[in-house]
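Visitor: I would like a close look at a single helix in this model and at what lies around it. Please take it slowly and stay with what the coordinates give.

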Amino acid sequence: MAKNYELTCDVCVIGAGHAGCEAALASARLGLETVVFTMNTDAIAMMNCNPHIGGSSKGHIVREIDALGGQMGKNIDQTFLQSKMLNRSKGPAVHSLRAQADKAAYARRMRQTLENQPHLTIRQGEVVDILTDEDKNGTSGQRKITGVVVNTGTIYHCRAVIICTGTYLNARCLVGECITETGPSGMQRSTYLRDALAKLGITTRRFKTGTPARMDGRTLDYSKMKRQDGDPVIEPFSFSTDPASIQKEQVPCYLTYTNEKTHEIIRENIDRSPIYAGIIEGTGPRYCPSIEDKVIKFPDHDRHQVFIEPEGSDTNLMYIDGMSSSMPDDVQQEMYRTVPGLEHCRIVKNAYAIEYDCINANILKLSLETKAVSGLFCAGQFNGSSGYEEAAAQGLIAGINAAMKLKGRGPLILKRSESYIGVMIDDLVTKDNREPYRMMTSRAEYRLLLRQDNADLRLRKYGYEVGLVSKEDYEKTETKRAQIQAEIARLKETKVGAAAENQKVMERIGSAPIRTLTSLSDLLCRPEMTYEMLKDLDPDRPALSKEVTTQVEIEIKYEGYIKRQEKQVKEFERLEARKIPDDIDYDDVKSLRLEARQKLKALRPASIGQASRMAGVTPADVNVLLIYLDTRNRKEGK
């Protein structure tokens with residue numbers, strides 16, 4: 001009998017997509033010997049769907065990843081084709097950076113980063129089993145991770161495992177009646193891990209997503225489309241990227257629309273769509289519907305936007321954003337050719353739907369560690385989310401917390417009140433998400449505080465404390481914070497009067513005259529006024545960076561709203577601070593409704609705040625729980 005080949009490391013990461021890359025880099029950078037497994041090394045950081053990073057709310061997440069010491073922002077800053085700040089006409093809470101990526105360059109650069117990272121090993125192979133200790137630990141019955149087994153029979157002994165399988169686990173791709181048992185883009189799927197999870201008592205469910213066709217850009221007529229250019233001045237995602245270093249000529253995208261002819265073809269062939277023929281089992285994302293869904297569910301819309309986006313600088317492939325589909329080949333060809341500019345298009349890669357296994361993230365703690373198995377963490381689309389950015393953020397947190405656990409330190413848990421990442425993870429583990437979860441600005445209750453421009457001020461300290469942010473970068477952030485506070489104080493103290501020269505300045509600006517002695521901060525509160533416009537009234541102002549003056553302007557203009565949200569946060573944190581003991585027996589809480597008791601027993605929330613956000617738990621249930629905890633504390637003399 002052949003002897004098993006056995007190796008030892010600290011952390012095993014299963015999957016090298018956007019979640020796996022961040023998880024593996026975080027673990028290795030924190031000094032732990034880490035092995036990241038991928039079905040194919042060519043699939044590392046692959047953009048299987050849209051070739052862009054960021055966008056509404058997602059740009060916030062990328063900035064937060066960077067503030068914590070992650071890699072995604074740095075990587076896209078060096079590999080983008082076009083960059084644009086979205087929602088500039090709206091308030092700063094919803095400004096969000098979006099970059100069109102050179103997808104091959106993005107994946108190549110991320111792979112090089114992994115290859116050159118100390119303490120990190122890349123291994124091509126399929127993980128087929130997860131090993132735990134035979135004996136259950138203590139009275140909780142919780143198993144502990146001891147290793148993984150690769151399909152070749154090799155055993156990797158480790159102390160933590162992070163599952164980041166993305167859309168590869170038991171995946172199948174569908175184009176009409178054609179079904180292939182494969183992962184995205186024809187890559188080999190993972191097939192054995194589901195049985196290994198079932199052995200640990202972890203069940204999976206089926207979700208579905210889709211992607212549009214890729215076309216030969218030489219066959220498209222761009223004169224029939226509206227050109228979409230990037231911003232003239234490019235802003236980086238990473239706080240450590242010098243803006244001057246990334247100013248370059250950008251590649252345009254284009255906008256066109258479907259029409260009634262497109263919709264007619266879809267309606268006539270809807271019975272051939274796997275979605276509507278009942279072939280697809282998985283639940284798809286509500287906020288990223290296929291073109292079939294758009295046409296059927298929104299019959300009053302006579303057209304839908306279609307964005308034509310380049311996939312790279314060394315390829316003619318164009319991504320047809322807004323027209324994901326699982327229609328048969330012939331229907332795809334017919335419907336795409338009704339769109340202005342696509343009349344003579346040649347499809348290189350068909351649009352397809354993909355089904356895959358994932359978990360209900362209710363089985364996780366806020367640290368992204370499973371409740372059932374000590375040392376087993378989960379991240380990315382495996383947790384039921386969608387999107388590269390959401391996946392990368394979870395991977396980063398899982399990688400940090402796996403390292404913290406093995407170092408004997410407490411986990412990094414970001415609150416809803418301090419980050420989009422905290423909102424997302426809390427939503428995933430607390431709410432019953434029945435479809436792929438997508439981050440949106442509307443999910444964040446305190447979004448005026450959680451702007452993309454202040455992610456470093458909010459989160460750099462955590463990256464520094466865990467060890468992913470250097471002392472130099474942390475001190476730069478603290479210097480920036482001090483400069484902002486000093487300048488706000490100076491503007492509030494500096495006053496200008498109604499002198500003739502000041503009135504000329506106000507007239508030139510197009511603002512109302514100064515009637516009485518007024519502080520510069522009060523003038524800045526005027527809607528038409530900017531910090532830059534005040535310079536002729538403020539000759540003694542210090543030389544400050546654009547980053548600092550942007551923060552000063554926002555903090556002063558929105559001061560009242562910011563203070564209101566800060567007050568709301570204090571109430572939120574009061575409920576979060578009321579911890580629920582791990583050993584609570586909800587059957588003892590006699591006045592709880594049956595539904596609430598069942599939900600609380602299943603999820604076992606860590607705090608009153610988390611319990612209050614659970615589906616099926618009402619404010620009355622929360623009050624009952626508070627009374628019970630107060631009574632219990634009095635009995636125990638607390």
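**An enclosed helix and its surroundings**

Guide: In this predicted model, helix α2 has 11 of its 11 residues buried, so α2 is largely enclosed by the rest of the structure. The helix covers residues 58–68. Its buried residues are K58, G59, H60, I61, V62, R63, E64, I65, D66, A67 and L68. The list includes charged side chains such as K58, R63, E64 and D66. Directly after α2 comes G69, with a positive phi near 105 degrees.

Start with K58, which belongs to helix α2. Its relative accessibility is 10%, and the cut-off for buried is under 20%, so K58 counts as buried. The side chain of K58 makes a polar contact with the side chain of E390, at 2.9 Å. If neighbours within four places in sequence are set aside, the residues in contact with K58 are S96, S386, G387, E389, E390 and R438. Two of these partners can be placed in named elements: S96 falls in strand β6, residues 96–101, and E390 falls in helix α9, residues 388–406.

Now the sheet beside the helix. Three strands form an open sheet in the order β4-β6-β5, and the pairing is antiparallel. Strands β4 (52–54) and β5 (80–86) are at the edges; each has a single partner strand, so one side of each has no neighbour in the sheet. On average, neighbouring strands of this sheet are turned by 15 degrees against each other, with direction ignored. Between β4 and β6 the antiparallel pairing runs over 3 bridges. Within that pairing, I53 is opposite A99 of β6. Helix α2 packs on this sheet and touches β4 and β6, and its direction makes about 90 degrees with that of β6.

The surroundings of α2 also include another covered helix. Helix α10 (residues 420–430) is mostly covered, with 11 of its 11 residues buried. These are Y420, I421, G422, V423, M424, I425, D426, D427, L428, V429 and T430. The cover over the buried residues of α10 includes α2, α9, α17 and α18. Helix α2 is thus named on both counts: α2 is itself enclosed, and α2 is among the elements that cover α10.

Two of those covering helices, α17 (594–603) and α18 (608–612), are joined by a loop that holds S607. S607 has a relative accessibility of 2% and counts as buried. Apart from neighbours within four places in sequence, S607 is in contact with L575, E576, R578, K579 and I580.

For context, here are some ring contacts from elsewhere in the model. The count of aromatic pairs comes to 5. One of them is F37 with Y156, an edge-to-face pair at 5.0 Å centre to centre with 85 degrees between the planes. This pair links distant parts of the chain, with F37 in strand β3 (residues 34–38) and Y156 in strand β10 (residues 155–157), 119 residues apart. F37 is buried at 2% relative accessibility, and Y156 is buried at 6%. Another pair, Y464 and Y474, is stacked: the centres are 4.4 Å apart and the planes make 0 degrees. Y464 is in helix α11 (residues 455–466) and Y474 in helix α12 (residues 471–493), so the pair ties together parts 10 residues apart in sequence. Y464 is partly exposed, at 31% relative accessible area, and Y474 is partly exposed too, at 21%.

Two arginines also lie over tyrosine rings. The charged end of R303 is over the ring of Y257, 3.6 Å from the ring centre. R541 lies over the face of Y531, at 4.0 Å from the ring centre.

As a counterpoint to the buried residues of α2, take D271, in the loop between α6 (260–268) and α7 (291–297). D271 has a relative accessible area of 54%, and the cut-off for exposed is over 50%, so D271 counts as exposed. From D271 to K557 the C-alpha to C-alpha distance is 54 Å, and the two are 286 residues apart in sequence.

To return to the part requested: α2 has 11 of its 11 residues buried, packs on the sheet through β4 and β6, and carries K58, whose side chain is in polar contact with that of E390.

How values were computed: Residues numbered from 1 in each chain as written. Predicted model: local features only at pLDDT ≥ 70, side-chain atom pairs only at ≥ 80, totals over all residues. Heavy atoms only, no water. Helix = DSSP H or I, 4+ residues; strand = E, 2+ residues; numbered from the N terminus. Buried < 20%, exposed > 50% of the residue type's maximum accessible area, 1.4 Å probe, protein only. Pairing = 2+ DSSP bridges. Axes fitted to C-alpha atoms, helices over the stretch in contact; angles between N-to-C directions. Contact = heavy atoms within 4.5 Å. Polar contact = N/O pair within 3.5 Å; in protein donor to acceptor, adjacent residues only side chain to side chain. Phe/Tyr/Trp six-rings, centres within 6.5 Å; stacked < 30°, edge-to-face > 60°. Lys NZ or Arg CZ within 6 Å of the ring centre and 35° of its normal.
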